[in-house]
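Trainee: I'd like to learn how to read a multi-chain model, starting with the places where chains meet. Could you walk me through one?

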Number of protein chains: 4
Amino acid sequence: MTTKTIRTGVIGATGYTGAELLRLLVGHPNAALHAVTSRTDAGVSVTDRFPWLGGKTDLKYVQPDSDLVRECDVVFFATPNGTAMTQAPDLVRGGIRVVDLSADFRLRDPLEWKQWYGLQHAAEDLLPEAVYGLPELYRDQIRDARLVANPGCYPTAVILGFMPLLAARLVDTVSLIADAKSGVSGAGRKAELGILFAEMGESFKAYGAPGHRHLPEIRQILGDLAGRPVGLTFVPHLVPMVRGIHATLYAELTAPADLQSIFEAAYVNEPFVDVLPSGAHPETRTVRGSNMCRIAVHRPGQGSRAVILSVIDNLVKGAAGQALQNMNLMFGLPETLGLDGIAVVP
Amino acid sequence: MTTKTIRTGVIGATGYTGAELLRLLVGHPNAALHAVTSRTDAGVSVTDRFPWLGGKTDLKYVQPDSDLVRECDVVFFATPNGTAMTQAPDLVRGGIRVVDLSADFRLRDPLEWKQWYGLQHAAEDLLPEAVYGLPELYRDQIRDARLVANPGCYPTAVILGFMPLLAARLVDTVSLIADAKSGVSGAGRKAELGILFAEMGESFKAYGAPGHRHLPEIRQILGDLAGRPVGLTFVPHLVPMVRGIHATLYAELTAPADLQSIFEAAYVNEPFVDVLPSGAHPETRTVRGSNMCRIAVHRPGQGSRAVILSVIDNLVKGAAGQALQNMNLMFGLPETLGLDGIAVVP
Amino acid sequence: MTTKTIRTGVIGATGYTGAELLRLLVGHPNAALHAVTSRTDAGVSVTDRFPWLGGKTDLKYVQPDSDLVRECDVVFFATPNGTAMTQAPDLVRGGIRVVDLSADFRLRDPLEWKQWYGLQHAAEDLLPEAVYGLPELYRDQIRDARLVANPGCYPTAVILGFMPLLAARLVDTVSLIADAKSGVSGAGRKAELGILFAEMGESFKAYGAPGHRHLPEIRQILGDLAGRPVGLTFVPHLVPMVRGIHATLYAELTAPADLQSIFEAAYVNEPFVDVLPSGAHPETRTVRGSNMCRIAVHRPGQGSRAVILSVIDNLVKGAAGQALQNMNLMFGLPETLGLDGIAVVP
Amino acid sequence: MTTKTIRTGVIGATGYTGAELLRLLVGHPNAALHAVTSRTDAGVSVTDRFPWLGGKTDLKYVQPDSDLVRECDVVFFATPNGTAMTQAPDLVRGGIRVVDLSADFRLRDPLEWKQWYGLQHAAEDLLPEAVYGLPELYRDQIRDARLVANPGCYPTAVILGFMPLLAARLVDTVSLIADAKSGVSGAGRKAELGILFAEMGESFKAYGAPGHRHLPEIRQILGDLAGRPVGLTFVPHLVPMVRGIHATLYAELTAPADLQSIFEAAYVNEPFVDVLPSGAHPETRTVRGSNMCRIAVHRPGQGSRAVILSVIDNLVKGAAGQALQNMNLMFGLPETLGLDGIAVVP
């Protein structure tokens, strides 16, 4: 374990994911916030934008091409999709390790990326070496990665829920269903009518039923687990709350099994996955502000269908917390360092 | 069409369903509120309990055995499960028509009722004649019914969503899934810790995954539609909002079909079912306070799985509004009378 | 009472106020929606924008200069501030009666208007004849008005709360305080970061403490009531809910008085003001979707300070409902016509 | 500074205040949770009740008279009012320091206590030595106190807001107003109809306008500050959110003053009071989960009235966080130890 302080940079730290990264980084014992960038807010104090960080940092936002960024040991991209693929390559080649919280390096196939994100990929050559930053699945590769593609929020909750079943070859892999529900912060900090309080409050809806960008990402990783392509129906929904994701997963069992034991065994050593006792139902609030994923597994009526309930905080385990978990691995630190915050309940 | 005013009684009008019944009844042009009962609030003015009804009624609560109840043309039970089965039989035999908004007469099999509700059924002899009060399916029987079992809130949203697919024999009937989400008013007006604002606010959870009382009810009716027993996985969830149900339904298609056309045709003449244009996602707020059910049908990736999104207001189409719709049918009135309120949005 | 149908037009019907006007107008027995305008949505069906109006209107949006507008008997402006003052004069002079729901004609002094709204007033000559559309205060003038300035939402709640005290000359008029709280729909339907769900949810804040545009409007009318200029401190706040305004008013009593009786007497004949029993606290939900104002009056510790609690639905009595109330007066209709909807609770 | 670990006990740790104490105590570097009591849950694991504490404690609840309690260095009472006054005296006399989070020792006058709480006080003899646990005002006395009366949530927000004005003798002390708004967790974890989600959601109301128990507590401390009895109107409200208090305070200035400078000077050395820049409006979310109080001061229209906006998290600075701050003082620890958590925003 290194005791050297890690110099960290955050590109695009004005959105919710960026703000959460800052909250976690200023509390991390071995990390120092070194560069925080924003094209629009360059020159502004970070604490002017996020007053609740008062006393924790005196940095001002700089431009993304600032020398301060090049002095970092690790740089996090909390930018909209399409930015990291143009800026990360130089950093990576310059020896700076990168954790990209956007979608730019999550899909291995640049054509699939173009299909879902509408842009030609600008750094295809880096795609093969990008490691999908889900420690529960790719821990060893993350340790040595130069470039980590931090998972999406929905994919984190969904993959962790399906993982034990697929790894144990217990379920039909062509009829998987993920019915996922997210708090509105998952839609980002953008001036859009559709996510106004008066539009989202006291209402619930699905969106993206015909196809959501997280679908190919989930399918890719579940395919790794299953050892072959999987069939997945993924329907996301918006919940009138700020934080939290709840994934309700359905799979057809192909063999008898003690699901509770399988899940407990799969995650017994995982610091951030908590398998609840049999019969329980996790609440999103029990992970609010924490890096935990809480999972319960059910077999209604003792039938052939497994129902898995998986909750995370979309901004922590679904974004910034997982990014720090990856940083800890990349720098040989204890994986839980700076991530032991307890959920704020109620 | 009769123009005679219908004398109506509401048994147990202190909960959310009862209050909503009162709101709709005082605005119904052909109904007069004649008796409103409450064991605990007998003698109290209804408007003391529900001040927003001020000016619309001057009734006081009476005991359930009041003569006023026996003077009614129709009596609604908005009581906890287990009450109507003891009180309704006398009324029915006395020539008073009954709409029971509780679960007492929804299951045809008294043993199944006992299994899910924990009580010996007290009026087994009435079960055969009780009509399930879903007008879109049993309209003709409702017209002549002495006793209508008003559907549960989840069942209404789920059955209306599956109905066209099952009626057209288009889907596999053993692998149906209903992932349903409800506002907290669906849990009733009871002094319980679990449904406090500070427990439910800013959080989301599933409940009843091992088995919920609405499961046998839904299965029974879907079985009618399919012409044989169906396999259904039903997982309800609680949304941090007051009103609204959103059912997300999954079914495996067994034959190619133009789903949009099938749904539009199925409901073309239904005043309270609105099939949205292709690609749409209904929001629960668009039915708030109204008796509408809004449905959208998707086939993600043009695959073999149908995804149906169905929303209702749990207190209106899911309870009190449907009860009035049934009353209109039972008394030969236009089905939409007193039910033309537009959703209050935002 | 005329039985002729009133042809109505709504300018700028894409915001919350406009949508609420449409909801109320399609349910009004003597009004026909004749023209609905939107610069951006011309050609689009109203029900494409607001699906919950399906079946109630088949109008398409037209441009504001459409001939349809000129065929109306009354035109409502639900436009941003600064629009009605340029478009209303032609209509008024053409014999069309106008109810302006924006702020353009609320302040009598064009200099004060310029100071608060940042624009030179474009129709100063019409200001003297514009009638402030608060029926409880200016009912007779409204009947004959060509141009009604519909009050702001905060002013409606605040003025109705202070009115009996000022009219009875019971309070010190230089130390009035209005601490007002509004649901987020009051901020309008605008793509702005500050009113996103993820910004407003689970949080509460004041805004505009140094001075809010509704301050001069309230001061002007309270001055009318007091017969001299008043001193008022007005602090608005945003509540994490969609609809509703709660004004908490503080005034120093200058003479002993039975406040409850004074309030009851003041509003005994008002159909839309409900004075609650002594000791009560009105909830905003009890007016949701309705045109009622509910008021309670307290004298804590039997001291010299009066505390008045006043609630309205900001989109109904605070905007669209009051506009219809004004229309009813202007056209000799019963004042409550089309406005008898009961609050949707819970 | 002692480096010895403090053995802590929590009496009545099943409510929101108790749960928050546990969250903070398990994260405190110098405190060990030694005894956690609950009459109803004795024998149950704390993590069964609060699963989000999993891995942080393996304690089980014990009865309040357990020996474990007597082994503590400090005991916190998170009990309903009326309990600590019967159980704390023995502990205090036994040399165990006590921080009472209930109201039992907040009022110096037992008659006033009886008047507001309806019980004869059971430990009048301890009242004179109980120290009001507001460190910003009574820091020195707290260090040596055997018994600390932890302030109420409203009083903390209100007193910190008025303190600089009263200390500087700048305002009229007979016409103070505190218009306070609280999240629903402030009402406690009790099975009561009035605080159900479906009652509180999407609604706002005042309560206790005729007189709230926190009034005499605030008056007592403001009187200390003013050097004479003060006149205060206090009106609390419930906001549809879980956590947070926002106090809007009104005071009449009796002398010209630079309010911003006075507030900044008053709190320059306070670690948990943040005076915002001129013109700002604090949001309750910016203190969620943190021990901060954020304050802004306004003088609308440069008039004679000061408006102070003060926000805290009712469960942290308004309860459990302040209790730990007091413990830190009592045991000679750095005042901020274990209390440096950053607000969880959004």
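**Where the chains meet**

Mentor: Sure. This is a predicted model. Start with one pair of chains: 19 residues of chain C are in contact with 19 residues of chain A.

Trainee: How do people put a size on something like that, and what area is buried between chain C and chain A?

Mentor: The size of an interface is often given as the accessible area lost when the parts come together. For chain C and chain A, about 1600 Å² is buried, and carbon and sulfur atoms give 73% of that area.

Trainee: And the charged pairs? How many salt bridges does the rule find across the interface of chain C and chain A?

Mentor: There are 2 salt bridges between chain C and chain A. For a concrete case, look at C:E199 and A:R189, whose side chains meet in a salt bridge at 3.2 Å, N to O. On the side of chain C that touches chain A, the largest share comes from helix 8 (residues 197-200) of chain C, with 4 residues. By class, that side of chain C divides into 12 nonpolar, 3 polar and 4 charged residues. As for polar contacts, the rule finds 6 residue pairs across the interface of chain C and chain A, both residues at pLDDT 80 or more.

Trainee: Now the other pair. How many residues do chain B and chain A each bring to their contact?

Mentor: Chain B gives 41 residues and chain A gives 41 residues. Chain B and chain A bury about 3400 Å² between them, with 56% of it on carbon and sulfur atoms. If you want residues to click on, B:E202, B:F204 and B:R305 lose the most area to chain A in chain B, together 19% of what that side buries.

Trainee: What does the rule find in the way of salt bridges and polar contacts between chain B and chain A?

Mentor: Across the interface of chain B and chain A there are 5 salt bridges. A:E202 forms a salt bridge with B:R288, where the closest N and O atoms are 4.0 Å apart. The cut-off there is 4 Å, so keep it in mind when you look at that pair. The polar contacts between chain B and chain A come to 34 residue pairs, both residues at pLDDT 80 or more.

Trainee: Which elements of chain B give two or more residues to the side that touches chain A?

Mentor: Among them are strand 7 (176-183), helix 8 (197-200), strand 9 (232-239) and strand 13 (305-312) of chain B. Strand 7 of chain B gives the largest share of that side, 5 residues. Sorted by class, the side of chain B that touches chain A has 20 nonpolar, 11 polar and 10 charged residues.

**How the copies are related**

Trainee: How do I read the symmetry? What turn lays chain C on chain A?

Mentor: Look for the turn, the shift along the axis and the fit. Chain C can be laid on chain A by a turn of 180° and a shift of 0.0 Å along the axis, with an RMSD of 0.0 Å. The two copies are thus related as by a two-fold rotation axis. They meet through the same surface, because 100% of the interface residues of chain C are also interface residues in chain A.

Trainee: And what rotation superposes chain B on chain A?

Mentor: For chain B on chain A, the rotation is 180° with 0.0 Å of shift along its axis, and the RMSD is 0.0 Å. Here too, the same surface serves both copies: 100% of the contact residues of chain B recur in chain A.

**Inside a chain**

Trainee: Let's move to sheets. What strand order should I look for in chain C?

Mentor: Strands of a sheet pair through backbone hydrogen bonds, either parallel or antiparallel. Chain C has an open sheet of 6 strands in the order 2-1-3-4-6-5, with parallel pairing. Strand 2 (31-37) and strand 5 (131-132) of chain C each have a single partner strand, so one side of each is left without a neighbour in the sheet.

Trainee: How many bridges join strand 1 to strand 3 in chain C?

Mentor: Strand 1 (residues 6-11) and strand 3 (residues 74-77) of chain C run parallel and are joined by 4 bridges. To find the register, note that C:G9 stands opposite C:V75 in strand 3 of chain C.

Trainee: One last item: which residue forms a salt bridge with A:D224?

Mentor: That is A:R108, with the closest N and O atoms 2.6 Å apart. A:D224 lies in helix 9 (residues 214-226) of chain A and A:R108 in the loop between strand 4 (97-100) and helix 5 (110-117) of chain A, so the pair ties together parts that are 116 residues apart in sequence.

Terms used
Residues numbered from 1 in each chain as written. Chains lettered and ligands numbered in written order. Predicted model: local features only at pLDDT ≥ 70, side-chain atom pairs only at ≥ 80, totals over all residues. Heavy atoms only, no water. Least-squares fit on C-alpha atoms with pLDDT ≥ 70 in both. Contact = heavy atoms within 4.5 Å. Buried area = accessible area lost by both parts, 1.4 Å probe. Polar contact = N/O pair within 3.5 Å; in protein donor to acceptor, adjacent residues only side chain to side chain. Nonpolar A, V, L, I, M, F, W, Y, C, P; charged D, E, K, R; others polar. Pairing = 2+ DSSP bridges.
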